[in-house]
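Thanks for coming. Today I will talk about how some helices in one protein model pack against each other. Please have the sequence and the structure in view.

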Amino acid sequence: MLDVMARDPLVSRMQLEAELDRRCQQEQERFERVVRFLIDDVRVPVQWIHEARAVRARFDGVPEIELVHAMEAGLWEDAHDVFTRHIVAQWVVQERLDDMAHVLQRMRHHRDQIPEWDTIGELLFEYMQIPADFAKAQDALEAARSSQISLALGPLTRLRDRIRAALAGFDKLRTTEPQRSLCPPSAGSEDSSVARQRRLVSQVALSEITTRLTGMLASVQQQVREVSGDPAYKPVSLSVKMGENYRLQYLNDMTLQHLHASEQQPYE
């Protein structure tokens, strides 16, 4: 192997990756056989297996794996906690909205087991519903324009109030309840660079959410004035903190972190 590496590093790297993939697959198959033995022969409840894997993922620092197994184990409070504290902000930034909707829908069926659901979970769930309801309201408005436009006033007004309530909820989450934020204060043992990165991700996520909701609110408010025949109807301009500055700061921080890590690596 060393001789091959000396002659052609690219070929040796491909061989090494193939070997690592093969061994990882073997380890995964071995692990699955052990799990099947515990479930089928020892009769260990499946929920216990998932709970153990959730605990292991927590200690390994892999929150998405912890989330999956916590839900499968029926540990809905733990699942909600890891989701809101360690996952949802990153998913908002990455625009993994379908994944968010799927997780929140599953949790909502078990909201009676989640003490903080009304504070965070329901707020996020409502945020995920608003864009679809906004699109429906636009379709209804277009249909009403060809018949009786005032019929669209009720749905638009209700949607406007829902968006306002969601914005107020996220503002409260950011300003008055930081311990329940999408990125709560870090533990004293957490590395400062990691804590800073988590705060930046949270700021980007909350700013993205605020920006999307505010954009829809501005549009709906204009439509409410149009439908109600407001003589003072004019385009609405709202002042919000946009997400772009936070996003640039986040990307800059990630770049500096990558460069710093690269400097620690020996040159080949």
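I start with a term. A crossing of two helices is left-handed if the near helix is turned anticlockwise from the far one by less than a right angle, and right-handed if it is turned clockwise. Keep in mind that this is a predicted model.

Two packed helices are described by the angle between their axes and the distance between the axes. I will go through three pairs that way, and H6 is in each of them.

The first pair is H6, residues 97-108, with H7. Their axes cross at roughly 135° and come within 10 Å. That angle makes H6 oblique to H7, because an angle has to be over 145 degrees to count as roughly antiparallel. The crossing of H6 and H7 is left-handed. On the H6 side the contact includes Leu97, Met100, Ala101 and Leu104, and on the H7 side it includes Trp117, Gly121, Leu124 and Phe125. By class, this contact has nine nonpolar, two polar and two charged residues.

Now H7 itself. It covers residues 117-145, which is 29 residues. From its first C-alpha to its last it reaches 39 Å, close to the expected 42 Å. Where does H7 bend? The bend is at Ile130, by about 30°, and a proline, Pro131, follows within four residues.

The second pair is H5, residues 76-94, with H6. These two pack at an angle of about 165°, and their axes are 11 Å apart. So H5 is roughly antiparallel to H6. H5 also passes H6 in a left-handed crossing. From H5, the residues in contact include Trp76, Phe83 and Trp91; from H6, they include Asp99, Met100 and Arg106. The contact of H5 with H6 divides into ten nonpolar, one polar and two charged residues.

The third pair is H4, residues 63-72, with H6. Is H4 roughly parallel or roughly antiparallel to H6? The packing angle is about 30°, with the axes 12 Å apart. H4 is therefore roughly parallel to H6. This crossing is left-handed too. Leu67, Met71 and Glu72 of H4 meet Val103, Arg106 and Met107 of H6. Those residues divide into four nonpolar, no polar and two charged.

One last point, on Met107 of H6. This residue is in the contact with H7, in the contact with H5 and in the contact with H4. That is the end of my part.

Conventions:
Residues numbered from 1 in each chain as written. Predicted model: local features only at pLDDT ≥ 70, side-chain atom pairs only at ≥ 80, totals over all residues. Heavy atoms only, no water. Expected span 1.5 Å × (residues − 1). Bend = angle between axes of the 7 residues up to and from the residue. Axes fitted to C-alpha atoms, helices over the stretch in contact; angles between N-to-C directions. Parallel < 35°, antiparallel > 145°, perpendicular 65-115°, else oblique. Contact = heavy atoms within 4.5 Å. Nonpolar A, V, L, I, M, F, W, Y, C, P; charged D, E, K, R; others polar.
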